[in-house]
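Hi everyone, thanks for coming. Please have a look at the picture with me, and we'll walk through it together.

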Amino acid sequence: MALDQSFVGRTYPPTAPYEVGREKIREFAVAIGDENPAYTDPEAAKSLGHTDVIAPPTFVFALTFKAAGQVIEDPQLGLDYSRVVHGDQKFAYSRPVRAGDRLTVTSTIEAIKSLAGNDIMDIRGEVHDEVGEHVVTAWTKLVSRAPEGA
């Protein structure tokens, strides 16, 4: 069953603040194999003009995808998550994510379309810090595969 087009433009409430920690940034950098010292060494980050270590660009995916859970779990939308695959991801930064940031994410459904029986949904996550400054916008594309034989 196709997703309801009337959900396009629906915005969900901001998430609770997530405090970005140095150790989480370090763990993430190690996990992705990125040895940039700005991710692990406060002095290296400061020498580049940052106030503390910064996060690799894809770090924020964990926050924005969790926030997109509000969309995914919306019973009125009717998305069968067991059929969903991650289709694409994009980020547009105003500034890097830094250790000590307290970030919230507001998710909006930007588009829903059907293609060959599959539903494709674009979710935009706007990430702001505790004073309301924009940090990054993330776009997540989810594809809900058509049921077998549909």
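I'll talk about the nonpolar cores first and then about two threonines.

A quick note on the source: this is a predicted model, where local features need pLDDT of at least 70 and side-chain atom pairs count only at pLDDT 80 or more, while totals for chains, interfaces and linings use all residues. Residues are numbered from 1 along each chain as its sequence is written, and side-chain values use heavy atoms, with hydrogens and water left out.

A nonpolar core is a set of buried Ala, Val, Leu, Ile, Met, Phe, Trp, Tyr and Cys residues joined through side-chain atoms within 4.5 Å; buried means under 20% relative accessible area with a 1.4 Å probe, protein chains only. The largest one here has 20 residues, and Ile25, Phe59, Val97, Leu103 and Val127 touch the most other members. At least two residues of this core come from each of helix H1 (22–32), helix H3 (61–72), strand S3 (102–115) and strand S5 (134–144); helices (H or I, at least four residues) and strands (E, at least two) are DSSP runs, numbered from the N terminus. Another core, of 14 residues, lies apart from it and includes Leu77 and Leu142.

Now, which strand holds Thr108? Thr108 sits in strand S3 and is buried, at 8% relative accessible area. Its C-alpha is 5.6 Å from that of Ile123, although the two are 15 residues apart in sequence.

Thr137, in strand S5, is also buried, at 7%. Its side chain makes polar contacts (N or O atoms within 3.5 Å, one able to donate a hydrogen and the other to accept it; residues adjacent in sequence count only if both atoms are side-chain atoms): one with the side chain of Glu126 at 2.7 Å, and one with that of His134, at 2.7 Å.

Notes. Buried means under 20% relative accessible area, exposed over 50%, partly exposed in between (1.4 Å probe, protein chains only).
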